[in-house]
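This report looks at a protein model together with the ligand placed in it, and it asks the reader to follow the strands and helices before turning to the ligand. Please keep the structure in view while reading.

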Amino acid sequence: MSELLERLKQAVMAGEEEEAASLVREALEGGLEPREIMDKALMPAMEEIGERFSRNEAFIPELIVAASAMEKGMEELKPVLSGEDKGRGLVILGTVYGDIHSIGKNLVRMCLEGAGFEVLDIGEDVRTERFVEAYREHRPDILGLSALLSSTMQRMPEVIQAVRAEDPSAVIMVGGAPVTQEFADRIGASGYAPNAFEAAVKAKELVAGKSR
Ligand code: B12
């Protein structure tokens with residue numbers, strides 16, 4: 001199985017979409033858990049290509065094709081992640097303004113859906129006013145903010161402030177590679193999670209806390 005996961009990782013890094021999808025199906029058929037497939041193949045692939053990018057050994061077109069291959073692989077995991085649990089509440093999810101990274105957010109969406117949340121994904125590069133409008137219109141149980149750049153994570157406090165001006169008790173969860181628990185606490189977020197699985201666990205905790 002580890003050889004299969006290694007092939008999957010290589011396929012994602014090479015941007016081979018169909019191959020990535022078919023290897024994910026094969027891994028699932030072989031009895032691997034979605035979490036293992038993500039932790040041991042899909043995420044390491046993006047990490048490695050990211051490191052190459054930092055060393056100027058890979059370039060943006062390669063990141064883009066790898067990202068698409070990862071998305072294709074994730075699509076295959078979606079039906080498995082979507083559990084029977086339903087009706088945990090509504091989460092609005094978006095990547096903050098100036099930031100177009102979508103993969104992590106999409107993974108969080110899938111895990112939240114799998115955990116029984118309804119998710120309204122308002123996309124990437126979302127302006128603060130748009131978060132407020134969406135919040136006002138839908139009154140979600142949780143608002144989730146994603147940022148992948150150390151520059152754009154600085155937008156998070158602004159969004160939190162604007163949404164809390166609308167509803168002081170708004171529950172807001174933050175995440176993304178540069179975001180830490182310490183940062184989340186400092187900006188007054190209600191919750192933080194380092195990955196998509198933990199995000200679903202945290203979201204359940206947050207809605208349970210809300211109804212008490
Ligand atoms: C893929 C990628 C891209 C793709 C994005 C494609 C897409 N559709 O998303 C493209 C090529 C477009 C891109 C562009 C850029 N990128 Co880029 N990119 C990456 C890369 C390689 C992977 C990111 C990723 O998808 N990871 C996989 C996912 C699954 O992980 P994740 O995003 O961290 O998400 C997980 C958690 O963080 C968490 N999470 C995420 N969101 C949320 C939200 C909530 C609420 C919660 C609870 C949890 C949570 O759960 C997720 C799943 O487990 C990273 C390097 C890396 N190794 O991270 C660089 C990286 C993020 N990019 C970087 C940079 C600099 C850029 C560019 C500025 C490059 C340039 N010079 O033009 C542009 C910026 C564009 C913009 N304005 O946003 C830097 C950021 C440095 C920094 N700290 O600021 C990185 C770290 C690369 C590097 N080492 O230099 N990028």
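In this predicted model, helix H5 lies across strands S1 (89–95), S2, S3 and S4, and H5 runs at about 155 degrees to S2. These strands belong to an open sheet of five, arranged in the order S2-S1-S3-S4-S5 with parallel pairing. At the edges are S2 (117–121) and S5 (191–192), each of which pairs on one side only. Within the sheet, S3 and S4 pair in the parallel sense over four bridges, and serine 146 has glycine 175 in S4 as its bridge partner.

Ser146 and Gly175 also appear at the ligand, since they are listed with Gly50, Ile103 and Gly104 as the closest of the 38 residues that surround it. The table names elements that each give two or more residues to this shell.

| Element | Residues |
|---|---|
| Helix H3 | 34–54 |
| Helix H4 | 60–81 |
| Helix H5 | 103–114 |
| Strand S3 | 142–146 |
| Strand S4 | 172–175 |
| Helix H9 | 196–211 |

H3 gives the most to the shell, with seven residues, and by class the shell has 22 nonpolar, 13 polar and three charged residues. Because domain 1 (2–81) and domain 2 (89–211) both give residues to the shell, the ligand lies between them.

A helix pair completes the description. The axes of H6 (residues 128–138) and H7 (residues 156–166) come within 9 Å and cross at roughly 35 degrees, in a right-handed crossing. Here residues of H6, including Phe131 and Tyr135, meet residues of H7, among them Val159 and Ala162, and the contact has six nonpolar, one polar and three charged residues.

Key:
Residues are numbered from 1 along each chain as its sequence is written. This is a predicted model: local features need pLDDT of at least 70, side-chain atom pairs count only at pLDDT 80 or more; totals for chains, interfaces and linings use all residues. A residue is near a molecule or strand if its C-beta atom, placed from the backbone, lies within 6 Å of it. Helices (H or I, at least four residues) and strands (E, at least two) are DSSP runs, numbered from the N terminus. Ala, Val, Leu, Ile, Met, Phe, Trp, Tyr, Cys and Pro count as nonpolar, Asp, Glu, Lys and Arg as charged, and the others, Gly among them, as polar. Domain bounds come from an automatic or database domain assignment. Axes are lines fitted to C-alpha atoms, for helices over the stretch in contact, and angles run from 0 to 180 degrees between N-to-C directions. A crossing is left-handed if the near helix is turned anticlockwise from the far one by less than a right angle, and right-handed if clockwise. Two residues are in contact if their C-beta atoms, placed from the backbone, lie within 7 Å. Two strands pair if DSSP finds at least two bridges between them.
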